[in-house]
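Grab a viewer and work through a few exercises on rings and strands. Try each task yourself before reading the solution.

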Amino acid sequence: MTEIFSFTETDPDSLGATWGPLRLHRLAWRPGCDLPALLDEWESRLTYPGDTDTAAMVTLPSHADVLPLVHRGFAPLTVIAERLAGRSPAPRPSGVDVRAATRADLDVAVELNLHTVRYDAAFGMVTERPNTAEHLRTALAEVLERDHEAMWLAVDGDTPVGMIYVDMPQDAGWMERFASARPFAYLAHLGVRPDVRGTGAGSALVAHAHSVLDDAGVASTLLHHALPNPRSTPFWYSNGYRPRWTVWVRRPALRAPTGVSSQPERPSET
């Protein structure tokens, strides 16, 4: 059984350090739990005051009563959304073609993923680290080595301008508890170059991936999107996704008392 309170520390020299804070406190919500009481008990366990690379995190159903979190300084940061097979709009016109990525596209895949990391970093969870590009290269090479098609590029002429890739059902088991239908996939990344945002390239990539997933009999597709990103919610919901779970975060994990600076004290100079 999952522990109610947990703490993990991520290796700074890992790709995981890009996707979240290095030190993470989690509270495991369960149906019927006394959330206010759990939050009060949890407060006494939180550490690292003033550490901006730490967070306290709770994941709840998107339609749960969240006032206890609001009153304790938490904010909704990411949503786990789900699309059921066949729930997609008609593809909108775009000036790009979509093709499968190959091993020869690794450099451009890393570049396109870095554009997304840098864009998402402004919304509070993703952090570009000194080794992010190196670890992305390793991870994307593994995607391209899979024995099934899982990554596609939007190309304008011969120039790649966007990328999408998915974890097909055999690779998506880590999202098992969030899926309402099976088999399910996980949409791991969608990104386009900054100069082509809003041109329909992203929509073309999503429409292609959904077509592949529907043809393969995938019943459900999950993804994470950032709520503070003004583009994410309207884009994904217009493409058939609906909120299932919301990730509430307080960062830093421990709030400073009223009137007290949240910055760590500097040693006095002598």
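The exercises below use this predicted model.

**Exercise 1. Classify the ring pair of Tyr 119 and Phe 123, then say how buried or exposed each residue is.**

Start with the general idea: a pair of aromatic rings is described by the distance of the centres and the angle of the planes. The centres of Tyr 119 and Phe 123 are 5.4 Å apart, and the planes sit at 80 degrees, so this pair is edge-to-face. The cut-off behind that step is that planes over 60 degrees apart count as edge-to-face. Now for accessibility: Tyr 119 has a relative accessible area of 23%, so call Tyr 119 partly exposed. Phe 123 comes out at 15%, so Phe 123 is buried, given that buried means under 20%. Tyr 119 has a charged visitor as well: Arg 197 lies over the face of its ring, at 4.1 Å from the ring centre.

**Exercise 2. Work out which parts of the chain the pair of Trp 174 and Tyr 186 ties together.**

Geometry goes first here: Trp 174 and Tyr 186 make an edge-to-face pair, with 4.8 Å from centre to centre and 70 degrees between the planes. Next, place the residues. Trp 174 is in the loop between β7 (159-167) and β8 (184-192), while Tyr 186 is in strand β8, so the pair ties together parts 12 residues apart in sequence. Finally, check the surface: Trp 174 is exposed, at 52% relative accessible area, whereas Tyr 186 is buried, at 9%.

**Exercise 3. Find the cluster that contains Trp 245, and the arginine over the face of this ring.**

Follow the ring pairs: they link Trp 245 with Trp 29 and Phe 178 into a cluster. Then look over the face of Trp 245, where Arg 177 lies at 5.8 Å from the ring centre.

**Exercise 4. Trace the sheet and explain why β1 and β5 each have one side without a neighbour.**

Write down the order: the 10 strands run β1-β2-β3-β10-β4-β9-β8-β7-β6-β5, in an open sheet with mixed pairing. Look at the ends: β1 (5-9) and β5 (97-100) stand at the edges with a single partner strand each, so one side of each has no neighbour in the sheet. Neighbouring strands are turned by 25 degrees against each other on average, ignoring direction.

Now zoom in on one pairing. Strands β3 (residues 54-61) and β10 (residues 242-250) run antiparallel and are joined by 6 bridges. Pick Val 58, and you'll find its bridge partner in β10 is Trp 248. To finish, add helix α2 (residues 35-43): α2 lies across β1, β2 (23-27), β3 and β10, and runs at about 150 degrees to β2.

Terms used:
Residues numbered from 1 in each chain as written. Predicted model: local features only at pLDDT ≥ 70, side-chain atom pairs only at ≥ 80, totals over all residues. Heavy atoms only, no water. Phe/Tyr/Trp six-rings, centres within 6.5 Å; stacked < 30°, edge-to-face > 60°. Buried < 20%, exposed > 50% of the residue type's maximum accessible area, 1.4 Å probe, protein only. Helix = DSSP H or I, 4+ residues; strand = E, 2+ residues; numbered from the N terminus. Lys NZ or Arg CZ within 6 Å of the ring centre and 35° of its normal. Pairing = 2+ DSSP bridges. Axes fitted to C-alpha atoms, helices over the stretch in contact; angles between N-to-C directions. Contact = heavy atoms within 4.5 Å.
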